[in-house]
Amino acid sequence: MAWRCSAPTNAGLVDNLATANILSTPRIIAAMKATDRSHYSPRRPYDDCPQSLGFGATISAPHMHAHALESLAPMLRPGASVLDIGSGSGYLVSVFSKLVRPGGKVIGVEHLKELNDAAERRFIAEEGSVAKELLQKNEVIFKTADGRRGCPGEKFDAIHVGASMPVVPEVLLEQIKSPGKMFVPVGDVNEDQYIYEYTRDAEGHLTRERLFGVAYVPLGDVDYYYARGRRLVE
Ligand code: SAH
């Protein structure tokens, strides 16, 4: 499944993800079509596999972005708030932002300053004056910080985690609104990792479902990444 959706164009890639039934929600399909991956995935943007961003970080494969967006789709409405932990390339921040406009808010948290600065530049290159306005109004924020504790004190309609952790700490679960959802890879690197979907209902009850096996980079220390490279892939 991982590679079969590759295409020569962004639209072709998104169409293939829909034909493979990974995408089905028209709003998600439209937002992915409106966000050309070539701005965020420097090389081979329409291949359905992860690509290096430098520093040992990767932009996730298009089919993983598609799964995450479909999982969180019920929460991605105009006015919603979204937290993207380990936002890397900034691709999902841009797609989330299109889905929660007008009035929504997207915070990407990425601990590598070089990557985060590049993500903001890439967002501006993609969306021009619209991006600048959203950044100015703090409706899109690229925050350089350790994301392991999320944004304590805030709550979100949707939380996406782009790197794997051994257990999801209580402080992160508390940040899921009621109702709200979280899409998170769980497991140590080099061991089994699975995507978990946490759903909090309107009464505040939290349930969790294990979806499928994955291989994500770790939600870890800055040093782990700097030890794997010091150059941004552009
Ligand atoms: N969704 C992103 C995934 C990038 S890979 C994309 O598709 O572009 C995972 C990212 O998590 C990396 O950029 C890595 O630097 C970041 N990361 C890892 N540990 C982190 C931490 N403790 N806090 C914040 N970001 C972290």
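**Unusual bonds, helix crossings and a pocket**

Pro102 sits in the loop between α4 and β4. In this predicted model, the bond that joins Arg101 and Pro102 is a cis peptide bond, with omega at about -5°. A second cis peptide bond turns up between Ser178 and Pro179, and here omega is about 0°. Pro179 belongs to a strand, β7, which covers residues 176-186. As a rule, most peptide bonds are trans, and most residues other than glycine have a negative phi. Arg44 goes against the second part of that rule: although not a glycine, Arg44 has a positive phi of about 50°. This residue is found in the loop that runs between α2 and β1 (51-54).

Next come the helices, starting with α1 (residues 10-19) and α2 (residues 26-34). Their axes come within 9 Å and cross at roughly 155°. With angles over 145 degrees counted as roughly antiparallel, α1 and α2 are therefore roughly antiparallel to each other. As for handedness, the crossing of α1 and α2 is right-handed. On the α1 side, the contact is made by Asn10, Ala11, Val14, Asp15, Leu17 and Ala18, and these meet Ile29, Met32 and Lys33 of α2. Sorted by class, the residues of this contact between α1 and α2 come out as six nonpolar, one polar and two charged.

Helix α2 also packs against α4. The axes of α2 and α4 come within 9 Å and cross at roughly 130°, which makes α2 oblique to α4. Here too, α2 passes α4 in a right-handed crossing. From α2, the residues Arg27, Ile28, Ala31, Met32 and Ala34 take part, and they meet Tyr91, Val95, Lys98 and Leu99 of α4. The class count for the contact of α2 with α4 is seven nonpolar and two charged residues, with no polar ones. Met32 appears in both contacts of α2, meeting residues of α1 and of α4.

What about empty space? Rolling a probe the size of a water molecule over the atoms shows where such space is left. The largest pocket has a volume of about 600 Å³. Its lining is made up of 43 residues, and those nearest the centre of the pocket are Thr58, Ser60, Gly162, Tyr216 and Val217. Several elements give two or more residues to this lining: the helices α3 (62-72) and α4 (91-100), along with the strands β2 (57-59), β3 (81-85), β4 (105-110) and β9 (206-214). Helix α4 thus has two roles in this account, since α4 meets α2 and also gives residues to the lining of the largest pocket. By class, the lining of the largest pocket divides into 23 nonpolar, 15 polar and five charged residues.

Technical notes: Residues are numbered from 1 along each chain as its sequence is written. This is a predicted model: local features need pLDDT of at least 70, side-chain atom pairs count only at pLDDT 80 or more; totals for chains, interfaces and linings use all residues. Side-chain values use heavy atoms; hydrogens and water are left out. On a 1 Å grid over the protein atoms alone, a cavity is a set of points where a 1.4 Å probe fits but cannot get out, and a pocket is an open set with protein on both sides within 12 Å along at least five of seven lines; lining residues have an atom within 4 Å of a point. Grid points are joined across faces, edges and corners, and a volume is the space filled by probe spheres set on the points. Helices (H or I, at least four residues) and strands (E, at least two) are DSSP runs, numbered from the N terminus. Ala, Val, Leu, Ile, Met, Phe, Trp, Tyr, Cys and Pro count as nonpolar, Asp, Glu, Lys and Arg as charged, and the others, Gly among them, as polar. Axes are lines fitted to C-alpha atoms, for helices over the stretch in contact, and angles run from 0 to 180 degrees between N-to-C directions. Angles under 35 degrees count as roughly parallel, over 145 as roughly antiparallel, 65 to 115 as roughly perpendicular and the rest as oblique. A crossing is left-handed if the near helix is turned anticlockwise from the far one by less than a right angle, and right-handed if clockwise. Contact means heavy atoms within 4.5 Å.
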